[in-house]
Amino acid sequence: MTIWASEIRELEKLHNALKDKHPKLDRELDKLIKTDDENVVLIYSRRCLEVIITDLSERELKRPRGTEPLKGIIDKLNREEKVPENIIVSMYNLNSLSTFGAHPKNFDPRQVKPVILDLATIIEWYLNYMGIEVLVTEEPVAVRQKSKEQGRFKKTPVKRRRRIYAVAGILLAAVVFIVSLIVFNKTDIGKPGRAGSIKSMIILPFSNYTGDETIETLVSGMHACLISDVKRLSGLRVINTTTSNAYKNAGKSVHDIASELNVDGAIEVSVLGIKDSVIIQVSLIRAFPEEEILWIGDYKEEKSQMLNLYNRITKQIADEVNIKLTPDEERFLSRKRTVDPEALIAYIKGQFHWERLGREDLDSALHYFQIAIEKDPEWAEPYAGMAMTWNAIGGFAFGPLTEAYRKTTEYLDKALSLDQNSANSHYVKAVLTTWPGWDWETGEKEFLKTLELNPNDALARGYYAHLLMILRRTDEAVYQANLALALDPLRPLVLGLYARVMWHAGDIKAALKQSEKALSIDPDNNFAFEAVTNSYLSIGDTLKWFEYYRRRIYWSDEKYLVHLDSLFEKDGYFAVIKERIKVNEEVLGRGGSISFTGQAKRHLIMKEYDKAMDYYEKAYEENFWMLAYVSLAVIEHPELKNNARYVALLKNMNLPLK
């Protein structure tokens, strides 16, 4: 099966309706449908376009086409407003990409899909223009936005084309409608029932068909921004950016991807132009029982209006899958968000680098967010981006903690002063007030506000799960962790957060599975290391524990690792822990920095409770953010319940003992 099989099926429906009504177009379309060679598909797509453009030249421009290039005729049809604007866009797209059929050098077979989709759109419009009635008993080629006055060929705002149903189809729809009212208590009218079956989706990485490889960073950032908008829909589960990016160039069908992620459908976006305007094609695809395109939209918009374009696309997606927007979602998607084009491009590039979370990428994110601020200082999101980036720099110890948190707070305050409904800003505030702030009440309030604004934010749910775990609300923590995993199942940080919750909840099997998966993607993931080593200890497998523990000591030279190997082989697990205590004390004695909470845990393992409390109390004095997890130590070491110093520490931090 070709990767454009579902698109061909849509053309077949039109072809069947076209039989004996337009011989020239029928002949070219028949040859296109019967081939599985991508070059031949492109050639006959172009021939179909030539048939239509030649006819339009005679009918609308009142002259034969002759040998004039197709683009010249399309330009004239556009200038004289003879064809709706969305159809003109599809004509340009098809004309540009179909040339690869005759000149296949540097051609990607995936580019066949947008060509077929554009051809289907053009043919549907052309048949209506010709007055050829197309009666079908099921919805034809993917529903497109159309102009209001197709018969008069004015350039008007695009709008969905009304479908033409056969009598049998109308009767069947009426029966289904009545049954749905009775069974599902639905009152929405005029929506295709099959689209309503989509309650979860992935927005696949954008396909760049501009021919300009230098804009890949921009295209990836555009992808992340659209996901951020669609994630705000509370009635739809939307896979987050990291997991979506894992399917870039994967060569998998929508059906296979949806099966792996347990989602109902997908959005595919083709980027066809980015100059003064952005030209994209958006497709909504249902994955089951087989791939089927439910809707397609062509969009051309000025760069400064890209955020408003994303609002329209998000509303259209909600409309197509029968999701009723909440009043807050309506307000957010209805507001106008005009920004400086250069600021928007810089912000999108910053988003791309922020998502990667590497040290150099975070520096690049700061650079691009700063450019966005300079270009448009009244736009809140670049400040929120700066706050998130500085928070990550501090959290991953890529820079001085004091400076990182000062910068985070500075940019966070500015972002919230410009926009109180910035989900990113509330997320950063939740993290700051929970960990270095230890203000559990405010932290929870901010997490809930974040999830109200962005219910599909996997990281917000993952960290909220950790706050609930710290507060010993285990069932709630597990619930939020499972939601986070469903939203971003291939993001190592989400997997690590999830695994640690599962370990503390006693589900060792789940903790091991997801922590090992995280480490297979990101071998340096701290949360995953913590979960996998603890899990193997819980089942008594010290050999596996040491295998992972040894990998974690990345700063050690080979000589020290050989020394640890010898200790473990001779005296086992406790000898290694004792050695690590000694090394950390030597580092501290030389004026170096160590993790006070990590050292406290090692003393707990050795049953040295007074020394453990010494380090916990040092962590408290230093406001060390990892001390937030101290309430969980009693799970591994129940004897701490009777330790007066431990009980006092929890009381001082307003944490529960059980």
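Where is the place of proline 289? In this predicted model, proline 289 is placed in the loop between E7 and E8. The peptide bond that leads from phenylalanine 288 to proline 289 is cis, and its omega is near 0°. This loop offers a convenient point of entry to the structure, since another of its residues can be described in some detail.

That residue is glutamate 291, which lies in the loop between strand E7 (277-286) and strand E8 (292-302). Glutamate 291 is buried, yet it has no salt bridge. The nearest side chain of opposite charge belongs to lysine 113, at 5.2 Å. Since a salt bridge requires a side-chain nitrogen of Lys or Arg within 4 Å of a carboxyl oxygen of Asp or Glu, the pair of glutamate 291 and lysine 113, 5.2 Å apart, is not counted as one. A polar atom of the glutamate 291 side chain does, however, lie 3.3 Å from the backbone nitrogen of histidine 255. When neighbours within four places in sequence are left aside, the residues in contact with glutamate 291 are Ser6, Arg9, Ser253, Val254, His255, Ile285 and Arg286.

The chain as a whole may now be considered. It has 30 helices and eight strands. Of its 658 residues, 57% are buried. Among contacts between residues at least 6 apart in sequence, 62% join residues at least 24 apart.

Helix H4 (residues 70-79) illustrates burial within a single element. This helix is mostly covered, with seven of its ten residues buried. The buried residues of H4 are Leu70, Gly72, Ile73, Ile74, Asp75, Leu77 and Asn78. Their cover includes helix H3 (38-60) and helix H5 (85-98). Just after H4, glutamate 81 adopts a positive phi of about 55°.

Positive phi values also occur in two asparagines. Asparagine 262, a residue other than glycine, has a phi near 60°. Asparagine 262 is found in the loop between helix H10 (254-261) and strand E6 (265-274). With a relative accessible area of 59%, asparagine 262 is exposed, because the term applies to values over 50%. Asparagine 322 likewise has a positive phi, near 60°, and it is placed in the loop between helix H11 (306-320) and helix H12 (327-334).

The account turns next to salt bridges, of which the count comes to 32. Arginine 550 takes part in two of the pairings described here. With glutamate 558, its side chain forms a salt bridge at 3.8 Å, N to O. With aspartate 565, the corresponding distance is 2.8 Å. The pair of arginine 550 and aspartate 565 links distant parts of the chain: arginine 550 is in helix H24 (residues 542-552) and aspartate 565 is in helix H25 (residues 558-571), 15 residues apart. As for accessibility, arginine 550 counts as partly exposed at 25%, and aspartate 565 counts as partly exposed at 24%. Glutamate 558, by contrast, is exposed, with a relative accessible area of 52%.

A further salt bridge joins the side chains of aspartate 614 and arginine 645, at 2.7 Å from N to O. This pair also links distant parts of the chain, for aspartate 614 is in helix H28 (residues 609-621) and arginine 645 is in helix H30, 31 residues apart. Aspartate 614 is partly exposed, with a relative accessible area of 37%, and arginine 645 counts as partly exposed at 27%. Both residues belong to a network of salt bridges that links Asp610, Asp614, Glu617 and Arg645.

How two helices pack is described by the angle and the distance between their axes. The axes of helix H26 (residues 573-589) and helix H27 (residues 596-605) come within 10 Å and cross at roughly 140°. The crossing in which H26 passes H27 is left-handed. On the H26 side, the contact is made by Tyr573, Phe574, Ile577, Arg580, Ile581, Asn584, Glu585 and Leu588. On the H27 side, it is made by Phe596, Gln599, Arg602, His603 and Ile605.

The description closes with lysine 658, placed in the segment after helix H30 (644-652). Lysine 658 is exposed, with a relative accessible area of 77%. Its C-alpha atom is separated by 8.7 Å from that of leucine 471, although the two residues are 187 residues apart along the chain.

Key. Residues are numbered from 1 along each chain as its sequence is written. This is a predicted model: local features need pLDDT of at least 70, side-chain atom pairs count only at pLDDT 80 or more; totals for chains, interfaces and linings use all residues. Side-chain values use heavy atoms; hydrogens and water are left out. Helices (H or I, at least four residues) and strands (E, at least two) are DSSP runs, numbered from the N terminus. Buried means under 20% relative accessible area, exposed over 50%, partly exposed in between (1.4 Å probe, protein chains only). Lys and Arg count as positive and Asp and Glu as negative; His and the chain ends are not counted. A polar contact is a pair of N or O atoms within 3.5 Å; within protein, one must be able to donate a hydrogen and the other to accept it, and residues adjacent in sequence count only if both atoms are side-chain atoms. Contact means heavy atoms within 4.5 Å. Axes are lines fitted to C-alpha atoms, for helices over the stretch in contact, and angles run from 0 to 180 degrees between N-to-C directions. A crossing is left-handed if the near helix is turned anticlockwise from the far one by less than a right angle, and right-handed if clockwise.
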